[in-house]
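Biologist: I should like to discuss the charged contacts and the strand pairing in this model. Please reason each reply through to its conclusion.

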Amino acid sequence: MGFFMILHYLCQKYYSMQAKHPSDSMCIMTDLVLPGETNPLNNLFGGELLARMDRAASIAARRHSRRIVVTASVNHVAFNRSIPLGSVVTVEAKVSRTFKTSMEIFIDVWTEDRESGTRAKANEAIYTFVAVDETGRPVEVPAIEPETEIEKQRFEAALRRKQLSLVLAGKLSPHDATELKALFV
């Protein structure tokens, strides 16, 4: 009996750690901007948008890792366009790169014109999530294999963003940030 339990465990670990594609983690959340979610200019509160992005990114990270995930950082947020009251807002999140226990999630925010139905990109963000076990300890996540050109660009840029973050935090010597150095050589 013990042999089969070990074999079952190893098979589960193998299949859960096979590389996945960004599209496997895609989370799309669409909602309206309601009066209680707006500022005095009748635009969506930035904090409300951050919360929506965090929820979508959390779902994407969980789909990729199939583990409990926690927000580690909000690396970048660009509030490029205000989002007016009554707008239809779509938040699209998917894993752009994985590291040992962390996942970078790239988020695109779109608005939809109420009359024409045309979509316009309003905002974007990059969040980092860490997969943890039931005790809160970080656990390994599967690798990611980008497929589309934009996924490949985001995948490659993610390593530079991570190295920059580690250098700024004093956790990586600038000398060892090879991807960053390559930008300037």
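**Salt bridges and strands**

Modeller: In this predicted model, Glu151 and Lys94 are both buried.

Biologist: What is the N to O distance in the salt bridge of Glu151 and Lys94, and how many residues apart are the two?

Modeller: The side chains of Glu151 and Lys94 form a salt bridge with an N to O distance of 2.9 Å. Glu151 belongs to helix H4 (residues 149-168) and Lys94 to strand E3 (residues 88-98), so that this pair links distant parts of the chain, the separation being 57 residues.

Biologist: Which residues are joined into one network by salt bridges that share partners?

Modeller: The search of the whole structure returns eight salt bridges. Through shared partners, salt bridges make one network of Asp108, Lys121, Glu124 and Arg154.

Biologist: Arg52 forms a salt bridge with Glu37. Is Arg52 buried or exposed?

Modeller: The closest N and O atoms of Arg52 and Glu37 are 2.9 Å apart. The pair links distant parts of the chain, with Arg52 in helix H3 (residues 46-65) and Glu37 in the loop between strand E1 (27-32) and H3. Residues count as buried under 20% relative accessible area. Because its relative accessibility is 4%, Arg52 is buried.

Biologist: Why does Glu37 count as buried, whereas Glu48 counts as partly exposed?

Modeller: Glu48 also meets Arg52 in a salt bridge, at 3.0 Å from N to O, and these two residues lie four apart in helix H3, about one turn of the helix. The class of buried residues ends at 20% relative accessible area, and exposed residues have over 50%. Glu37 is therefore buried because its relative accessible area is 16%, while Glu48 is partly exposed because its value is 22%.

Biologist: Which residue in E4 is the bridge partner of Val95?

Modeller: E3 and E4 form a hairpin with three residues between them. Their pairing is antiparallel and extends over ten bridges. Within E4, Val95 has as its bridge partner Ile105.

Biologist: Which residue in E5 stands opposite Ile105?

Modeller: Strand E4 (residues 102-112) is mostly covered, nine of its eleven residues being buried. E4 also pairs with strand E5 (residues 119-132), in the antiparallel sense and over eleven bridges. Opposite Ile105, in E5, stands Tyr127.

Biologist: Which residue in the hairpin of E4 and E5 takes a positive phi?

Modeller: This hairpin has six residues between its strands. A positive phi near 85° is taken there by Gly117.

How values were computed:
Residues numbered from 1 in each chain as written. Predicted model: local features only at pLDDT ≥ 70, side-chain atom pairs only at ≥ 80, totals over all residues. Heavy atoms only, no water. Salt bridge = Lys/Arg side-chain N within 4 Å of Asp/Glu carboxyl O. Buried < 20%, exposed > 50% of the residue type's maximum accessible area, 1.4 Å probe, protein only. Pairing = 2+ DSSP bridges.
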